[in-house]
Amino acid sequence: MSVELTGAEITIRCLQEEGVQCIFGYPGGAVLFIYDELFKQDKVRHILVRHEQAAVHAADGYARSSDKVGVALVTSGPGVTNAVTGIATAYMDSIPMVVISGQVPTSAIGLDAFQEVDTVGITRPCVKHNFLVKDVTELALTIKKAFYIASTGRPGPVLVDIPKDVTQQKTKFVYPEKVSMRSYNPVVKGHVRQIKKAAELILSAKRPMIYAGGGVILSNASTQLTELAKILNFPCTNTLMGLGGFPATNEQSLGMLGMHGTYEANMAMQYCDVLVAIGARFDDRVIGNPKHFFNENRKIIHIDIDPSSISKRVKVDIPIVGDVLDVLSELIKLLKAEKKKPDQGALNEWWKQIDLWRERDCLRYERDSQIIKPQMVIEKLFQVTKGDAFITSDVGQHQMWAAQFYKFDKPRRWINSGGLGTMGFGMPAAMGVQLANPKGKVACITGEASIQMCIQELSTCKQYKLPLKIINLNNRYMGMVRQWQEFFHGNRYAESYMDALPDFVKLAESYGHVGMKIEQPKDVEAALKEAFKMKDRLVFMDFITDQTENVFPMVPGGKGLSEMILV
Amino acid sequence: MENEAGALSRVAGLFSARGYNIESLSVAPTEDPTLSRMTLVTIGSDEIVEQVTKQLNKLIEVVKIIDLNDGNHIERELMLVKVRAVGADREEIKRLTEIFRGCIIDVTDKSYTIELTGTSSKLDAFLEAVERSAVLETVRTGASGIGRGEWILKV
């Protein structure tokens, strides 16, 4: 019965069937038929960015803040190569995303055609999977598979490369209701016996520690994590990717751990006797030197949906492969049914030790400085937004301060490029966040170096009236590079000074936004309040901050967690 | 694995991206034309082999993976070797070929082309036995492996 549709129509119909409301893209020769079909409908909204990297970051921010699959649409050749940074960013942080790319016609593939690039080859190492669709009859099923693969198991970006002639060919359109693949069946349920073993070990703990990562956010398990920590009265630390998975203002929270983690989190991680790792992967920025980590004896339970994350860098005692939400629910059930409780005396001793570590006040900074301290800006931002904003960040010192000083109580509020560390991520991601949460307060904490990597998106923000608040911590340096040069390269600041900066106020104004320059500590709070009062305007806030401020604590590369440099 | 374009390069790419080592790799479609079977030989500690296995399993096109070393298995490799065969060497090489249960499959007045099948170490041994300077060209398929007895890789 169904009529024949072109590949371009099918592409858009598939997006509609998937319930996609918003996609980010940039047109070009190979995708013109798809854009033509976009034009003829109004279910899928297209956001025109100014650079393909931003399209992918925006789709990424959209996905992270909403738990939907982000979608980007780019043309062949340079459209794709520009998108690669965004795809790799999403891949490293396991973000569900579908990227649709145009390709030269099938007859031209391999002939070095205009705007031809081996898209599937270039993106292969940084996608969960990718497809080249050579036959229009396979298009609908392929797009269905793409959404399925992107959003199940350990999520990730999936790319579908569609040659131009395929978008013109016609076939009957049936959107498959289900998809099953013999070679892809992600595990959901954790092994019951393993969960039981984990419960026993947890109950025997004297110095327990919960270490929770981005997997908690991705699997929407923060309620379960919070409950687990509560019934056990265990301390909990979050990774950079896991912030908001456990409420930061809860007294059981030790804050972030890792290279710039808190003293108490890193010490507790090093000296605990039972470690419950949940949706985290023991990466180099988290545990530092693995050999040093194993100078102390501890038993490790590791819950992760990806078997290859288990025992990759750190050998664990009780691996549990499964969806964090499912495993935690089962674990909580078991623990509640169990009459035994962990040794309360030992636990009290452990909390006393942790409180001693807390007394080091590792995040202290000079609060009565005459120059604006970046930490203070973020503390004020936290107060002014009542901790309720969506915060995106770029990469560098400002990112670490944001992670340390903005206390995230809810998941999906902290949006940053943790794995790949992509400068230029913050503003485009914030656009995606704002589009997914039209009523949300969205701030992008950035620096004068990072923001310039995707500054052109101020234009996109104008076109779609995205009222972002850009918090530019301007220290005239690539701050983190400068910090490493100060610590490890004899104060030789090679190419890290940001010379010839634009006047950001005028720049913002030229794009039709509001610009503010804040130079005095006393003006910070009022300026933030004023900015957030402008609910329908993008406000670019240029904070002139202390050039010499460093991020502490710091675990230098190759050192162990307890070998922090403190302030 | 699925018999699809690109599947092989995903496997090869994974090894180079993660710094694993491919000793040899042999792949061809199976009796079910939608499936290919690959035998891959790698060297690494137990931890590395475990990671390799897990990472390969993550590839969407990989249907099933087994470590043949987990049980008894048989492996064979095919080698075609062209050797210089003149004068007294002709008889000697022919004899060697028989000892190694190979066949001479092409002959000229100056050369033999020999087909030899066996474990990789047997093929190495043959090359050791033939005088090195006599070997003109070799081509090897890499090992193919299968479980012993009734142990089968079922999809």
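**Nonpolar cores**

I take a nonpolar core to be a set of buried Ala, Val, Leu, Ile, Met, Phe, Trp, Tyr and Cys residues joined through C-beta atoms within 7 Å. The model I am reading is a predicted one. I looked up the largest such core and found 191 residues in it; Ala55(A), Ala72(A), Ile87(A) and Val98(A) are the members that touch the most others. I then asked which residues Ile87(A) is in contact with, leaving aside its neighbours within four places in sequence. I noted Val56(A), Val99(A), Thr123(A), Cys126(A), Val127(A), Pro157(A) and Leu159(A). I also recorded another core, apart from the largest one, with 11 residues, including Met79(B), Val81(B), Ala85(B) and Phe126(B).

**Helix H16 of chain A**

I turned next to H16(A), residues 374-384, and checked how far it is covered. I count 10 of its 11 residues as buried, so I enter the helix as mostly covered. The buried positions are Pro374(A), Gln375(A), Met376(A), Val377(A), Ile378(A), Glu379(A), Lys380(A), Leu381(A), Phe382(A) and Val384(A). I asked what these buried residues pack against. On the helical side I found H17 (397-405) and H22 of chain A; the strands are E17 (442-447), E18 (469-474) and E20 (539-544), also of chain A. After H16(A) comes Lys386(A), for which I noted a positive phi, near 55°.

**H16 against H22**

I examined this pair separately. The axes of H16(A) and H22(A), the latter spanning residues 524-533, come within 10 Å and cross at roughly 45°. I therefore enter the two helices as oblique to each other. The crossing by which H16(A) passes H22(A) is right-handed. From H16(A), I listed Met376(A), Val377(A), Lys380(A), Leu381(A) and Val384(A) in the contact; from H22(A), I listed Val524(A), Glu525(A), Leu528(A), Lys529(A) and Phe532(A). Sorted by class, this contact has 7 nonpolar and 3 charged residues, and no polar ones.

**H11 against H15**

I looked up a second helix pair in chain A. H11(A), residues 263-271, and H15(A), residues 344-358, have axes that come within 8 Å and cross at roughly 140°. That angle makes H11(A) oblique to H15(A). I recorded the crossing of H11(A) and H15(A) as right-handed. Tyr263(A), Glu264(A), Met267(A) and Ala268(A) make the contact from H11(A), while Ile354(A), Trp357(A) and Arg358(A) make it from H15(A). By class I have 5 nonpolar, no polar and 2 charged residues for H11(A) with H15(A).

**Chain A with chain B**

I asked how many residues of each chain are in contact with the other. I found 12 residues of chain A in contact with 16 residues of chain B. On the side of chain A that touches chain B, I have 5 nonpolar, 4 polar and 3 charged residues.

**Chain B**

I closed with the make-up of chain B. I found 4 helices and 7 strands, and along the sequence I read the pattern α-β-β-α-β-α-β-β-α-β-β. Taken along the principal axes, the C-alpha atoms of chain B fill a box of roughly 55 × 35 × 30 Å. Of the 155 residues in chain B, I have 16% as buried. Among contacts in chain B with a separation of 6 or more, 67% are between residues 24 or more positions apart.

Definitions and conventions:
Residues are numbered from 1 along each chain as its sequence is written. Chains are lettered from A and ligands numbered from 1 in the order in which they are written. This is a predicted model: local features need pLDDT of at least 70, side-chain atom pairs count only at pLDDT 80 or more; totals for chains, interfaces and linings use all residues. Axes are lines fitted to C-alpha atoms, for helices over the stretch in contact, and angles run from 0 to 180 degrees between N-to-C directions. Angles under 35 degrees count as roughly parallel, over 145 as roughly antiparallel, 65 to 115 as roughly perpendicular and the rest as oblique. A crossing is left-handed if the near helix is turned anticlockwise from the far one by less than a right angle, and right-handed if clockwise. Two residues are in contact if their C-beta atoms, placed from the backbone, lie within 7 Å. Ala, Val, Leu, Ile, Met, Phe, Trp, Tyr, Cys and Pro count as nonpolar, Asp, Glu, Lys and Arg as charged, and the others, Gly among them, as polar. A residue is buried if 20 or more other C-beta atoms lie within 10 Å of its own, exposed if 12 or fewer, and partly exposed in between; C-beta atoms are placed from the backbone.
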